[in-house]
Amino acid sequence: MIVASMRAGKHVICEKPFTGYFGRSDDREPIGRHVAKSVMYERVVQEMDSTREAIRASGRLFMYAEDWSMPRP
């Protein structure tokens, strides 16, 4: 959604998760037992790199929102 929005000329505020590995059509289920963590990591990094390039190329603003919560003293 981030890439499509940036390509459409929109500014984007993204709340977590920025990305993750949610499987591919040829992955055996359950994914966590059949896809190596190193493969998941590689694919997430590739997705982040392509998303970063789309953001840079768009000339639009990208903001990432994180909801940090701190315990009260």
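Student: Not counting residues up to four places away in sequence, which residues does Asp27 touch?
Tutor: Before we dig in, keep in mind that this is a predicted model. Asp27 sits in the loop between β1 and α2. Setting aside residues up to four places away in sequence, what Asp27 touches is Tyr21, Val35 and Arg43.

Student: Is Asp27 buried or exposed?
Tutor: We can settle that with its relative accessible area, which comes to 14%. The cut-off for buried is under 20%. Because 14% falls under that cut-off, Asp27 counts as buried.

Student: Which residue does the side chain of Asp27 meet in a salt bridge?
Tutor: Look for a side-chain nitrogen of Lys or Arg within 4 Å of a carboxyl oxygen of Asp27. There is such a pair at 3.7 Å, N to O, and the partner is Arg43.

Student: How many residues apart in sequence are the parts which that pair ties together?
Tutor: The salt bridge in question joins Arg43 and Asp27. Arg43 lies in helix α3 and Asp27 in the loop between β1 (12-15) and α2 (31-34), so the pair ties together parts that are some way along the chain from each other: 16 residues apart.

Student: Which backbone nitrogen does the side chain of Asp27 reach?
Tutor: Asp27 has a couple of polar contacts to look at. One joins the side chains of Asp27 and Tyr21 at 2.4 Å. The backbone nitrogen is reached at 2.8 Å, and it is that of Arg24.

Student: Let's move to the helix. Which residue does Asp49 meet in a salt bridge?
Tutor: Stay in helix α3 and go about one turn along, 3 residues from Asp49. Asp49 is partly exposed, at 35% relative accessibility, and its partner is partly exposed too, with a relative accessible area of 38%. The N to O distance is 2.4 Å, and the partner is Arg52.

Student: How far apart are the closest N and O atoms of Arg56 and Glu53?
Tutor: These two also lie in helix α3, 3 residues apart, about one turn of the helix. Arg56 counts as exposed at 58% relative accessibility, whereas Glu53 is partly exposed at 44%. They form a salt bridge, and the closest N and O atoms are apart by 3.2 Å.

Student: How many salt bridges does the count come to?
Tutor: We've met the pair of Arg43 and Asp27, the pair of Asp49 and Arg52, and the pair of Arg56 and Glu53. The count of salt bridges comes to 3.

Student: Which side chain does the side chain of Thr19 make a polar contact with?
Tutor: Find Thr19 in the loop between β1 and α2, where it is buried with a relative accessible area of 18%. Leaving aside neighbours within four places in sequence, Thr19 is in contact with Val44, Glu47 and Met48. The polar contact, at 2.8 Å, is with the side chain of Glu47.

Student: In what sense do β1 and β2 pair?
Tutor: One bridge to look at links Glu15 to its partner in β2, Ala65. The two strands pair over 4 bridges, and the sense is parallel.

Student: Which side chains along β1 point to one face and are buried?
Tutor: The side chains alternate along this strand. Ile13 and Glu15 point to the other face and are not buried. The buried ones are Val12 and Cys14.

Student: Which residues form the nonpolar patch on the surface?
Tutor: Start with Ile13 in strand β1, which is exposed with a relative accessible area of 63%. Leaving aside neighbours within four places in sequence, Ile13 is in contact with Met63 and Ala65. Leu61, in the loop between α3 (37-58) and β2 (62-65), is worth finding as well. The patch has about 300 Å² of accessible area together, and its members are Ile13, Leu61 and Met63.

Student: What is the peptide bond from Lys16 to Pro17, cis or trans?
Tutor: Most peptide bonds are trans. Pro17 is in the loop between β1 and α2, as is Pro30. The bond from Glu29 to Pro30 has omega near -10° and is cis. From Lys16 to Pro17, omega is near 0°, and the bond is cis.

Key: Residues numbered from 1 in each chain as written. Predicted model: local features only at pLDDT ≥ 70, side-chain atom pairs only at ≥ 80, totals over all residues. Heavy atoms only, no water. Patch = residues over 30% accessible without salt bridge, like charges linked within 9 Å, V, L, I, M, F, W, Y side chains within 5 Å. Areas by Shrake-Rupley, 256 points an atom, 1.4 Å probe, with all protein chains shown as cover. Buried < 20%, exposed > 50% of the residue type's maximum accessible area, 1.4 Å probe, protein only. Polar contact = N/O pair within 3.5 Å; in protein donor to acceptor, adjacent residues only side chain to side chain. Contact = heavy atoms within 4.5 Å. Pairing = 2+ DSSP bridges.
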